[in-house]
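Reader: I have not seen this structure before. Please take me through it by question and answer.

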Amino acid sequence: MAVANDVRPASLKRIKTEAQAKKFIDQQIKEIKEQVKDGKVLLALSGGVDSSVCAALISKAIGKQLTCVHVNHGLLRKGEPEMVCKVFSKQFKSNLVYVDATDRYLDALKGVKDPEKKRKIIGKIFIDIFAEEAKKIEGVGFLGQGTIYPDILESKDGIKAHHNVGGLPKNMQKFQLVEPVKFLYKDEVRVVGLALGLPESMVMRQPFPGPGLGVRCVGAITRDRLEAVRESDAILRAEFKKAGLEGHVWQYFTVVPDFRSTGICGGQRTYEWPVVIRAINSVDATAATPVELDWKLVQSITAKILKNVKGVNRVLWDVTPKHPKNNSGTIEWE
Ligand code: XMP
């Protein structure tokens, strides 16, 4: 889309169907080829919808001239790094650099309680690792980015300083950006992702924060409590899927706070963490309504968590709304 500014071109009609998506894909492949020629592109692949669709598009256009870097910060959901590796190295046959940086992150986060400090550390290490990997690949001239249109609009309006917009660290500013989905809205990105052949579970996935499970392991992150978050999240997602709620609830996840309570197991006293269930509906995340879950579903999630998640003896259900003006809670706990 050869436009000088950041305004969606009037000629780009809303993409709703597979045929419209295919036309968009063909056009983008042509434009990416023209832009990159025989150059090399580097892309940070989080496994989120936007970066995955962007990677798949660039990969279709220039194949092995693209290198994707997937950094596992140890705060991803169960099965996620495996899925990213499978899709991009097997299905798309991309050059994929997988960095397991779990220890580096968890060491740096040790004892850090403040949510904002946690976020800063997670963001900074990511940039360091990405820059380290970029240095190892010779002749990279381009950076692929999954910027989407709402990122541009929100940055313009000063609502959110989006990392994809104007936030490149100094040592990366020499790269030219390749942003094939920057004029698309989220629903259009999903249609394009499906037309590209990405798995539905990747394309339709619910929003997931950049700092990952790190903001759901409240307070200072420990490996055991982080595992409790990851395991309980996997159980919750499986139960929602079984109940036919996947794709019908905007966001659902679990949180493990940093406090314990008394319980009982096999006639013995226990003193362990609670798991908090959070399920909300929203349109754009600025406000949220707790979802009225079926009681049987709540009971079955509770039973499965108590049976399978180590270190947990209690399950709570967070019914707090998010309201822009009234006293309320944000969607995430940190
Ligand atoms: P809050 O907690 O502010 O979350 O009500 C609103 C939405 O944004 C997601 N979220 C993030 N997404 N990076 C992201 O990409 C982040 O640091 C981040 N923090 C929160 C959250 O999951 C919810 O959908």
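**The sheet and the ligand**

Reader: In what order do the strands of the open sheet stand?
Author: This is a predicted model. Its open sheet has 5 strands, and their pairing is parallel. The order is β3-β2-β1-β4-β5.

Reader: Which strands stand at the edges of the sheet?
Author: An edge strand has a single partner, so one of its sides is left without a neighbour in the sheet. That applies to β3 (95-100) and β5 (176-178).

Reader: Over how many bridges do β1 and β2 pair?
Author: Strand β1 covers residues 40-44 and strand β2 covers residues 66-72. Within this pair, L43 stands opposite C68 in β2. The two strands pair in the parallel sense, and the number of bridges is 4.

Reader: What angle does the direction of helix α2 make with that of β1?
Author: Helix α2 (residues 49-62) packs on the sheet. Its contacts there are with β1, β2, β4 and β5. The angle with the direction of β1 is about 160°.

Reader: How much of the ligand's accessible area does the protein cover?
Author: Among the residues surrounding the ligand are R119, G210, W250 and E332. Polar side-chain atoms of R119 and of E332 each lie 2.5 Å from an oxygen atom of the ligand, and a polar backbone atom of G210 is 3.1 Å from a ligand nitrogen atom. On its own the ligand has 500 Å² of accessible area, of which the protein covers 69%.

Reader: How many residues of the shell around the ligand are nonpolar?
Author: By class, the shell includes 3 polar and 3 charged residues. The number of nonpolar residues is 6.

Conventions. Residues numbered from 1 in each chain as written. Predicted model: local features only at pLDDT ≥ 70, side-chain atom pairs only at ≥ 80, totals over all residues. Heavy atoms only, no water. Near = heavy atom within 4 Å. Polar contact = N/O pair within 3.5 Å; in protein donor to acceptor, adjacent residues only side chain to side chain. Areas by Shrake-Rupley, 256 points an atom, 1.4 Å probe, with all protein chains shown as cover. Nonpolar A, V, L, I, M, F, W, Y, C, P; charged D, E, K, R; others polar. Pairing = 2+ DSSP bridges. Contact = heavy atoms within 4.5 Å. Axes fitted to C-alpha atoms, helices over the stretch in contact; angles between N-to-C directions.
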